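Biologist: Could you take me on a close look at helix packing in this model? I'd love one connected account, with the cut-offs spelled out as you go.

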Amino acid sequence: MPVGSVSGGDLGLVSPITGRRFLAARIVVRDGDAIFTHALVSSNELDNALKALPDGIRTQLEQQRDALASPSQGLELPGRELPLSFTRPRIMGVLNVTPDSFSDGGKFLDADAAIRRARQMIAEGADIIDIGGESTRPGAKPVWEGEEAGRVLPVIEALQAESIPLSIDTRHSFVMDKAVKAGAHIINDVSALTYDGESMTVAAFCNAPVVLMHAQGTPQTMQDRPSYAHVLYDVYDYLAQRIAACEAAGISRARLILDPGIGFGKRVVQDNLALINGLPLFLTLGCPVLLGVSRKRFIGAITGEELAEKRMVGSVAAAVRCVEQGAQIVRVHDVAETIQALRLTQAFHDAAIMDGLV
């Protein structure tokens, strides 16, 4: 069956309160790998271009257009009175309570060190702390869920008094359940609730928002020659299918966050850049979009910097690009630096609007 997609050609930084403005839109109609229509039209011409398409395709595209242009809705968080709003980009601080994460493995394995690091990121302005007890870097080995829970639960419990949303980064239903009961507010699953057969049930029952991330393969295999017919559309289709699976299991779309999975089963440069540049397409699915680009290998491949901990400047530049393309959440190691860059970028954009330049 033919599938249509429409995405903003130039989003810029626009207030989610009033919706997204875009200067042009790209219309694509395809059936599997075959693309029948591929057109770039101005925003003023979009309605007329859609009218020329068959009814079923036109309806799809009109729904996507409306989702793209609509204000971003806030996320209701269990145990918190106020929703997580998207009146500005949100910063998710990375807290790896692991011995082997690619950038900071071992630094925060001790619970006290992890708690100190979380409080440092909160002081720097983080909006969410993402706590993980299992590395999912390329080649990482699975961790027994009991050991994983033992790493993260003391940290979650200690951070309850900090009045900040906490995210549990896990593939295991046992850890999801224990973490949410301990006070975590968001589930961040790199497998999009597919790794553990019970995770969908747990996620549906706990009523927490869920990050659905795309990954091709497992951490052990995902960088063994990843291949796509068209990475942007393939990842889009996967996330659309996972949304449908969640809705069928009783998890409403209003609870879902989408992550294209930068670095997870992607060709190092071309696939990751294509996903970031094509990010507006994912906004048409009607869910907030999260990207984790911080210190990743594609930055090193482009810049020549082999050490992950020395990729801060490239990470900040990538985070700015993601937000300019419409990301509502960026997952970062370098909180203060990213916030400074995003505030300046927003100021330039706001000044341009006031001067009538955009």
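Modeller: Happily! Helix H5 (residues 173–182) and helix H6 (residues 199–206) make a left-handed crossing, a label used when the near helix is turned anticlockwise from the far one by less than a right angle, with right-handed for clockwise. This is a predicted model, in which local features need pLDDT of at least 70 and side-chain atom pairs count only at pLDDT 80 or more, while totals for chains, interfaces and linings use all residues. Residues are numbered from 1 along each chain as its sequence is written, and side-chain values use heavy atoms, leaving out hydrogens and water. Helices are DSSP runs of H or I with at least four residues, strands are runs of E with at least two, and both are numbered from the N terminus.

The axes of H5 and H6 come within 8 Å and cross at roughly 15°; axes are lines fitted to C-alpha atoms, for helices over the stretch in contact, with angles from 0 to 180 degrees between N-to-C directions. H5 and H6 are therefore roughly parallel (under 35 degrees; over 145 is roughly antiparallel, 65 to 115 roughly perpendicular, the rest oblique). Ser173, Met176, Asp177 and Val180 of H5 meet Ser199, Val202 and Cys206 of H6, contact meaning heavy atoms within 4.5 Å. These residues divide into 4 nonpolar, 2 polar and 1 charged (nonpolar: Ala, Val, Leu, Ile, Met, Phe, Trp, Tyr, Cys and Pro; charged: Asp, Glu, Lys and Arg; polar: the others, Gly among them).

Now for another pair. The axes of helix H7 (residues 231–248) and H8 come within 9 Å and cross at roughly 65°, which makes H7 roughly perpendicular to H8. Their crossing is right-handed. Val231, Leu232 and Val235 of H7 touch Asp271, Ala274 and Leu275 of H8.

H8 also helps to cover the buried residues of H11, as do S10, H10, S11 and H12. Those buried residues are Ser315, Val316, Ala318, Ala319, Val320, Cys322 and Val323 (buried is under 20% relative accessible area, exposed over 50%, partly exposed in between, with a 1.4 Å probe and protein chains only).

H11 and H12 pack at about 45° with axes 9 Å apart, so H11 is oblique to H12. The crossing is right-handed. Met312, Val316, Ala319, Val320, Val323 and Glu324 of H11 meet Glu337, Thr338, Ala341, Leu342 and Thr345 of H12, giving 7 nonpolar, 2 polar and 2 charged residues. After H11 comes Gly326, with a positive phi near 115°.
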